[in-house]
Amino acid sequence: MEEKYMKRALELAKLGEGFVNPNPLVGAVIVREGKIIGEGYHEFFGGPHAEINAFNNATEDVKGAHMYVTLEPCSHYGKTPPCASSIIEKGISKVIIAMKDPNPVVSGRGIDLLKSKGIEVQVGVLEQESKTLNEVFIKYITTKLPYCILKTATTLDGKIATATGDSKWITGEKSREYVHQVRNKISGIMVGVETVIKDNPSLTTRLKDRKGRNPIRIIVDSKGRIPLESKLLKEEGKTIIATTENISSDKCFKLEELGAEIIVTPLKNNRVDLKYLMKELGERRIDSILLEGGGTLNYSALKEGVVDKVMAFIAPKIIGGSSSKTSVEGDGIELMKDSIKLKNISLQRFDDDFLIEGYLR
């Protein structure tokens, strides 16, 4: 029964995807004698937390009831009052928690406060599921660095385009729709300037059933080669150009006139320093990035160790061509034993396409 109600709390938490960044996804369920009498989730950044929404939605007095919550209730004042205090005031008799708050500054304090007031506390119900749901938050709150997902789409023979450069479309409609759902959840989308020059993408979120939330567009452009007429410079939302001292002051001025923000990083191998860039993006409250780069940027990101997760779509198509581009290029790995390995692999199917997901070891 405990897992049943916690699963419901996790379902509720997911409803906040794309709206609460950089806060965590949290759901709460209030139960009395096997009946749900209140439920809620963290709906938007700065809004009431899941526990408060569950109280507000309760159909009867919650005194003596049990609360199931996916993350340890907060015990400090932030944008809202502490939820642990509200739980105490409302007379909840037991709190079942999926996971402790990973924030080292506050972890365990909410639990200790509840216990000090005589409330029974149980921790660890569907803990791994909660950690997976909040993998972005866990990385960001403990390191202040964005969680980076490298997304690729290749043919069966590992190509991202034909020898002539044609790449529309490698994967099917369902795969592309899923990518837009992912875009809707994350804070930033990153590509290299070569992608902008070649494809002139909008880098927006397009969903069939509702308006998408556009992530911040981040263009890695070491020399300031991005065309001023690029679509993404005209789209609604924010664009960041990550560059180096090799960009001209005139180009910087023109890009800023178009509304772009410029981040100048140190040179590393005559390119943008990706580790420095990630730190700068984290300071701007960008907690997650979908990296949709070409082979050169993807290799650099993997080599620099900034990638946390890989989403690799594979379409059952073969195009061949020794000059056809692949998803990871650069200098490459010399020995197979030194290859970059993934763990915790999962597999999904979208019509004829397959999606392999895994985490960097």
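**Exercise 1.** Determine which residue of β2 stands opposite Val29, and describe the pairing and the turn around this position.

*Solution.* Begin with the pair itself: Val29 stands opposite Glu39 in β2. The two strands, β1 (residues 27–32) and β2 (residues 35–41), pair in the antiparallel sense over six bridges, where strands are DSSP runs of E with at least two residues, numbered from the N terminus, and helices are runs of H or I with at least four; two strands count as paired if DSSP finds at least two bridges between them. Next, follow the chain through the turn: β1 and β2 form a hairpin with two residues between them, and Glu33 in the turn has a positive phi of about 50 degrees.

The model is predicted, so that local features need pLDDT of at least 70 and side-chain atom pairs count only at pLDDT 80 or more, whereas totals for chains, interfaces and linings use all residues. Residues are numbered from 1 along each chain as its sequence is written, and side-chain values use heavy atoms, with hydrogens and water left out.

**Exercise 2.** Establish the strand order of the nine-stranded open sheet, and explain what is left at its edges.

*Solution.* The order is β10-β9-β8-β7-β13-β6-β14-β16-β15, with mixed pairing. Because β10 (261–264) and β15 (342–350) each have a single partner strand, one side of each is left without a neighbour in the sheet. As an example of a pairing within this order, β8 (residues 216–220) and β9 (residues 239–243) run in the parallel sense over four bridges, and Ile218 stands opposite Ile240 in β9.

**Exercise 3.** Decide whether Thr152 is buried or exposed, and find its contacts beyond four places in sequence.

*Solution.* First place the residue: Thr152 lies in strand β6. Its relative accessibility is 9%, and Thr152 therefore counts as buried (buried is under 20% relative accessible area, exposed over 50%, partly exposed in between, with a 1.4 Å probe and protein chains only). Leaving aside neighbours within four places in sequence, Thr152 is in contact (heavy atoms within 4.5 Å) with Asn298, Met311, Ala312, Phe313 and Ser327.

**Exercise 4.** Work out how the buried residues of helix α9 are arranged, and what covers them.

*Solution.* In α9 (residues 249–257), Lys251, Cys252 and Leu255 are buried. Seen down the helix axis, the buried residues fall within an arc of 105 degrees (taken from the directions from the axis to the C-beta atoms), so they line one face of α9. On the other side of α9, Ser249 and Glu257 are exposed. Finally, the cover over the buried residues of α9 includes β9 and β10.
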